[in-house]
Amino acid sequence: MDRLLLRLQIAVLAIGTAFAWFTLAGDFRRFFSAGGRVFEWSGCVVTNPLLTPCFYGALAFLAAFVWALVLLRSAPEAVAGRQRGLNWLLAAGTVFAWGNFAYELFLYSQQRSASAFSCPPPGEAAVQPLMSPCFYGALIFLTALAISLLIL
């Protein structure tokens, strides 16, 4: 088993995890500045970040990152089976991220404002999709998936 690819996988997932949680921290800052409280699900101008795809993408990145760290510490004969499970998680994350990006692209093409379930704050104009965190998260997930396939 090539440990270099496992380390590269960890590096890409660390970048994805840092990016996702940094983006989520900005969402929380915006939410709390607008007067929101942690378990306030409605009634605030800004959607609670716990209800957005960005939050679930950040959780998926964190889970994949921890899983990849466990793989690096695993015995070489156990890596293939465990890598297959991580591969499924990365495939699901990739589909989720690109699906959300496609939705953002649709909103942008319709010239609508962002929805409550999208990455940009609702009430604001939809961000140009290629500049949205959803796009970059999708690219990072796709890169991690490609590395995972190389490992398999």
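## Helix 3, end to end

Let's start with helix 3, whose 34 residues should span 50 Å at 1.5 Å a residue; the C-alpha atoms at its ends lie 48 Å apart, which agrees. Keep in mind that this is a predicted model.

Helix 3 also has a bend of about 25°, located at Arg-82. Just after the helix comes Gln-111, with a positive phi near 55°.

## The buried side of helix 3

Which residues of helix 3 are buried? They are Val-79, Gln-83, Leu-86, Asn-87, Leu-90, Gly-93, Thr-94, Ala-97, Asn-100, Phe-101, Glu-104 and Leu-107. To read that list, it helps to recall that an α-helix has 3.6 residues a turn, so residues three or four places apart point the same way.

And what do the buried residues of helix 3 pack against? Their partners are helix 1, helix 2 and helix 4.

## The nonpolar core

The largest nonpolar core holds 26 residues, and the members that touch the most others are Leu-13, Phe-61, Leu-86, Leu-90 and Phe-141. Two or more residues come from each of helix 1 (3–33), helix 2 (53–73), helix 3 (76–109) and helix 4 (133–151). Leu-86 and Leu-90 also appear among the buried residues of helix 3.

Leu-13 is a good place to zoom in. Leaving aside residues up to four places away in sequence, Leu-13 touches Phe-61, Ala-64, Phe-65, Ala-68, Leu-90 and Ala-144.

## Aromatic pairs

How many aromatic pairs does the structure hold? There are nine. One of them joins Phe-31 and Phe-32 in a tilted arrangement, with 5.5 Å from centre to centre and 50° between the planes. Phe-31 counts as buried because its relative accessibility is 0%, under the 20% cut-off. Phe-32, by contrast, is partly exposed, with a relative accessible area of 38%.

Another pair, Trp-98 with Phe-135, is edge-to-face: the centres are 6.0 Å apart and the planes stand at 80°. Trp-98 belongs to helix 3 and Phe-135 to helix 4, so this pair ties together parts that are 37 residues apart in sequence. At a relative accessible area of 26%, Trp-98 is partly exposed, while Phe-135 is buried at 15%.

## A shared aromatic cluster

Which residues join Trp-98 and Phe-135 in one aromatic cluster? Phe-19, Phe-101 and Tyr-136 do. Of these, Phe-101 brings us back to helix 3, where it is listed among the buried residues.

Terms used
Residues numbered from 1 in each chain as written. Predicted model: local features only at pLDDT ≥ 70, side-chain atom pairs only at ≥ 80, totals over all residues. Heavy atoms only, no water. Core = buried A, V, L, I, M, F, W, Y, C linked by side-chain atoms within 4.5 Å. Buried < 20%, exposed > 50% of the residue type's maximum accessible area, 1.4 Å probe, protein only. Helix = DSSP H or I, 4+ residues; strand = E, 2+ residues; numbered from the N terminus. Contact = heavy atoms within 4.5 Å. Expected span 1.5 Å × (residues − 1). Bend = angle between axes of the 7 residues up to and from the residue. Phe/Tyr/Trp six-rings, centres within 6.5 Å; stacked < 30°, edge-to-face > 60°.
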